[in-house]
Amino acid sequence: MATHVITNVRIFDGTGREAFAGEVVVDGTRITAVTAGAAQRPAGAPVIDGQGGTLMPGLVEAHAHLSFPDLFSDAITRLPVEEHMLITVRNAKTMLDCGYTSAFSAASAKPRLDVVLKREIEAGRVPGPRLLANGPELTVTGGLGDTNAMHLPYDVEPTFCWITDGPDAVRKAVRTLAREGVDLLKLNISGDGGTSSAGADVTVMTDEEIAAAMEIARQRHLRVAGHCRSADSVMAALAHGVEVIYHATYADERTLDALEAARDRVFVAPALGHTWSLAERGVGLGLSQKRADAAAAELDHCRDTYGLMRKRGIRVLPGGDYGFPTSPHGTYAKDLELFVDLLGFSATETLVAATKQGGEIMGRPGELGVVAPGALADLVLVDGDPLTDIAILQDRAKLRMIMKDGALHKHAG
Ligand SMILES: [Zn+2]
């Protein structure tokens, strides 16, 4: 296995500790030494001169849709599986090219896209982030992802979500996805502004349906995320033990109390990139003014809600639902800027959330998302200082080196 010594860098180790000048030694897939000043160099190890750049943990995307093809929902539904798999593979490379070395999938648009991609990445046959694989979102009739309409040929199967009404249908869907090899499950517990007949403030999934999903998920050791915009949907998710809460847009005081009480076991991700881009670019890309307005209204709520979450010590992670025409693949790091500009997080807080806490959501705390002896060597070398200008992470040319599992994916110069 290859050994590398990375010199002449300022190290942001992911914990929030101030960046320091030092060196890092990588042996095989792991970091073996992190030193302030010169490290002891294994004889003959190749040296990567960081030229004064910032060495940081690889970024983690907490709301990834590698199979979303930069199309809106109806067009996703109509994409044939052959094209869809190739697009998914290309998106995985794009994500790694952007310095994201891990992805927590927030759903795959067809049942096996994530599962097959993950297998190929782990075998080293295609480049991509470390992936926790998900299946199609489980929704209910009229919920987010039910793209059917009564006057059209009824296409319940081809939608990018699975429509599962009632606990038995939910159990069967979860069992099927477990059989196919997913790590994660996604439940669309609330509606959504503009993309489902039930709005964002409506809780569409019943307690019985959520309980049925959790019952099988526990049997099969699947981790569960929920699309939860309404306050009641967050409460229901927490009551049933859902671990990852997406959006939480309309969280009220009672919801914030419940999230705070569960803060050691739950993660929240607002998925800002998608909402922000719908508000900013939706109309220009053919969406209705109503849709853009709904997104803008949600952003306003997010600003207040997430400021309060930050103060309460709730883990809030970047990860923005990228994969739509408004927020295409390759623009993931926009979320980091939005954390600073919209939510009032400091750059350091944002990067801790995107690295150390990202390692936690990936289920490998202390091993992923940190630059520390013994941690996996997922590293990014940035030409510049993202702690003073977080927007530079959106510029791929500034990512001089990207390493995953100790292997160089990119090394410029
Ligand atoms: Zn999503």
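This briefing walks through a zinc site, some aromatic contacts and two unusual backbone angles. The model is predicted, so please read every value below as computed from that model. At its zinc ion, H63, H65 and D321 act as the coordinating residues. A search of the whole structure also turns up 5 aromatic pairs, and positive phi values appear at N8 and at H221.

**Zinc site**

- The zinc ion is held by NE2 of H63, NE2 of H65 and OD of D321, at 2.0 to 2.2 Å.
- Along the chain, these donors of the zinc ion follow the spacing H-x1-H-x255-D. H63 belongs to strand β6 (residues 59–64), while D321 sits in the loop between α9 (289–311) and α10 (334–341), so this pair ties together parts that are 258 residues apart in sequence.
- How buried or exposed is H63? Its relative accessibility is 1%, so H63 counts as buried.
- D321 also counts as buried, because its relative accessibility of 7% falls under the 20% cut-off.

**Aromatic pairs**

- The search of the whole structure gives 5 aromatic pairs. One of them joins F339 and F345: the ring centres are 4.9 Å apart and the planes stand at 65°, so the pair is edge-to-face.
- The angle settles that label because planes over 60 degrees apart count as edge-to-face.
- F339 and F345 are both buried.
- Elsewhere, F68, F160 and F324 are linked by ring pairs into a cluster.

**Arginines over rings**

- R17 lies over the face of F20, and the distance from the ring centre is 4.2 Å.
- R315 lies over the face of F267, here at 3.9 Å from the ring centre.

**Positive phi values**

- As background for this topic, most residues other than glycine have a negative phi.
- N8 has a phi near 60°, a positive value in a residue other than glycine. Its place in the fold is strand β1 (residues 3–11).
- With 41% relative accessibility, N8 counts as partly exposed, because that value lies between the 20% and 50% cut-offs.
- H221 is another residue other than glycine with a positive phi, near 55°. Where does H221 lie? You will find H221 in the loop between α5 (207–219) and β12 (223–228).
- H221 is exposed, because its relative accessible area is 72%.

Note on methods:
Residues numbered from 1 in each chain as written. Predicted model: local features only at pLDDT ≥ 70, side-chain atom pairs only at ≥ 80, totals over all residues. Heavy atoms only, no water. Donors = N, O, S within 2.8 Å, 3.2 Å for Na, K, Ca; no water. Helix = DSSP H or I, 4+ residues; strand = E, 2+ residues; numbered from the N terminus. Buried < 20%, exposed > 50% of the residue type's maximum accessible area, 1.4 Å probe, protein only. Phe/Tyr/Trp six-rings, centres within 6.5 Å; stacked < 30°, edge-to-face > 60°. Lys NZ or Arg CZ within 6 Å of the ring centre and 35° of its normal.
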